[in-house]
Amino acid sequence: NKGSVSLIDYKILEKGTNNFEDDKLLGKGGFGLVYKAVLEDESSIAVKKLDCATDDAQKEFENEVGLLSKFQHPNIISIVGYSVHEEMGFIIYELMSNGSLEDLLHGTSRGSSLNWHLRLKIALDTARGLEYLHEFCKPAVIHRDLKSSNILLDANFNAKLSDFGLAVADSSHNKNKLKLSGTVGYVAPEYLLDGELTDKSDVYAFGVVLLELLLGRRPVEKLTPAHCQSIVTWAMPQLTNRAVLPTIVDPVIRGSVDEKYLFQVAAVAILCIQPEPSYRP
Ligand code: ACK
């Protein structure tokens, strides 16, 4: 089901990207190169070029087009259309001219000057995007690969979730059939250990993103109990029940938070979904 998203003539894309010349390259994602293009109506857009030669890649392409065409939220990237040519698939998105959060935090090209106000806004935008997927989409959608490189910023620094190639609708997933996927450092421990995939797997990844926003550091590859212990000294005891998205997001969304509180929320997001009891405070 491609919804109302339109099939765009490949020739238009080819022309709009100067035949996919390097000078139009915006970045490299896990699933393909992303180019800037100008369409006939002079709108600037981004095009992801995916090699759909394998079944897995073809499925990811169709999955992303199918899901994105159903979403409508200011914190989820908008799809403009899609195109196919030989064994290549093209997904056309709104242009996110300030690139990814990963690049802003850790990249060398742009020089990171994210002030606290902006960091908080990005945390809020991300939380709202996730809340939409988990609470408002029916069935709920699990992103499965939330990380700073999949959080993109538009010209006004609105943050939007992108890269839905691996996302699954909650009710359709079957843990025995799904390949373990995600990104080291962001994968929730219970998913890593037992393949137990729920919306809380995204909440864990969100916690890692919050820590990145707060500390400006890449996530540690694997949390040890010692890491967790040092994090938990900051955590507010009343929030240490098992995490559900609203528990974590509501205080953030209410907007009455400062950086220290966000740090605590991030710590709790991570700690509350650890398998019991090893990492519990
Ligand atoms: O950090 P970046 O510059 O921003 O590198 C990544 C790369 O492509 C892989 O995701 C960039 N990118 C992805 N989608 C878009 C988009 N819609 N607009 C602008 N840049 C994008 C992203």
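Is lysine 121 buried, partly exposed or exposed? Lysine 121 is partly exposed, because 16 other C-beta atoms lie within 10 Å. Here is the rule behind that call. A residue is buried if 20 or more other C-beta atoms lie within 10 Å of its own, exposed if 12 or fewer, and partly exposed in between, with C-beta atoms placed from the backbone.

Before going on, the ground rules. This is a predicted model, where local features need pLDDT of at least 70, side-chain atom pairs count only at pLDDT 80 or more, and totals for chains, interfaces and linings use all residues. Residues are numbered from 1 along each chain as its sequence is written.

Now the overview. The chain has 9 helices and 10 strands. Those are DSSP runs, numbered from the N terminus: helices are H or I with at least four residues, strands are E with at least two. Of the 281 residues of the chain, 41% count as buried. Next, contacts. Two residues are in contact if their C-beta atoms, placed from the backbone, lie within 7 Å. Take the contacts with a separation of 6 or more: 68% of them join residues 24 or more positions apart.

Back to lysine 121. Its place is in helix H4, residues 116-136. From lysine 121 to methionine 88 is 36 Å, C-alpha to C-alpha, with their positions 33 residues apart along the chain.

What does H4 pack against? The axes of H4 and helix H6, residues 199-215, come within 10 Å and cross at roughly 175 degrees. Axes here are lines fitted to C-alpha atoms, for helices over the stretch in contact, and angles run from 0 to 180 degrees between N-to-C directions. H4 and H6 are therefore roughly antiparallel to each other. The cut-offs: under 35 degrees is roughly parallel, over 145 roughly antiparallel, 65 to 115 roughly perpendicular, and the rest oblique. On the H4 side, the contact is made by Arg119, Ile122, Ala123, Thr126, Ala127, Leu130 and His134. On the H6 side, Asp199, Asp202, Phe206, Val209, Leu210 and Leu213 make it. By class, that contact has 8 nonpolar, 2 polar and 3 charged residues. For the classes, Ala, Val, Leu, Ile, Met, Phe, Trp, Tyr, Cys and Pro count as nonpolar, Asp, Glu, Lys and Arg as charged, and the others, Gly among them, as polar.

After H4 comes a backbone detail. The peptide bond from lysine 138 to proline 139 is cis, with omega near -5 degrees. Proline 139 sits in the loop between H4 and strand S7, 141-142.

On to the ligand. Which residues come nearest? Of the 16 residues around the ligand, they are Gly27, Gly29, Ala46, Ser100 and Asp103. Near means a C-beta atom, placed from the backbone, within 6 Å. Two elements give two or more residues to this shell: strand S2, 25-29, and helix H3, 101-106. S2 gives the most, with 4 residues. The shell divides into 8 nonpolar, 5 polar and 3 charged residues.

Leucine 25 is in S2 too. It is partly exposed, because 14 C-beta neighbours lie inside 10 Å. Beyond its neighbours within four places in sequence, leucine 25 is in contact with Leu33 and Tyr35.

Next, lysine 49. The UniProt annotation "binding site", from an unreviewed entry, covers Lys49. UniProt positions follow the numbering used here, feature names are shortened, and annotations may be inferred rather than shown by experiment. Lysine 49 lies in strand S4, residues 44-51. Lysine 49 is buried, because 20 other C-beta atoms lie within 10 Å. Outside four places in sequence, its contacts are Phe20, Gly32, Leu33, Tyr35, Met88 and Phe90.

Phe20 deserves a stop. Its phi is near 55 degrees, a positive value in a residue other than glycine. Phenylalanine 20 is in the loop between helix H1, 10-16, and S2. It counts as partly exposed, with 17 other C-beta atoms within 10 Å. Phenylalanine 157 also has a positive phi, about 60 degrees, although it is not a glycine. Phenylalanine 157 is in the loop between strand S8, 151-153, and strand S9, 159-161.

Last stop, isoleucine 79, in strand S5, residues 79-85. Why does isoleucine 79 count as buried? Because it has 23 C-beta neighbours inside 10 Å. Leaving aside four places either way in sequence, isoleucine 79 is in contact with Val5, Val65, Leu68, Ser69, Ile91, Ile92 and Tyr93. The C-alpha atoms of isoleucine 79 and leucine 68 are 6.1 Å apart, at 11 residues along the chain.
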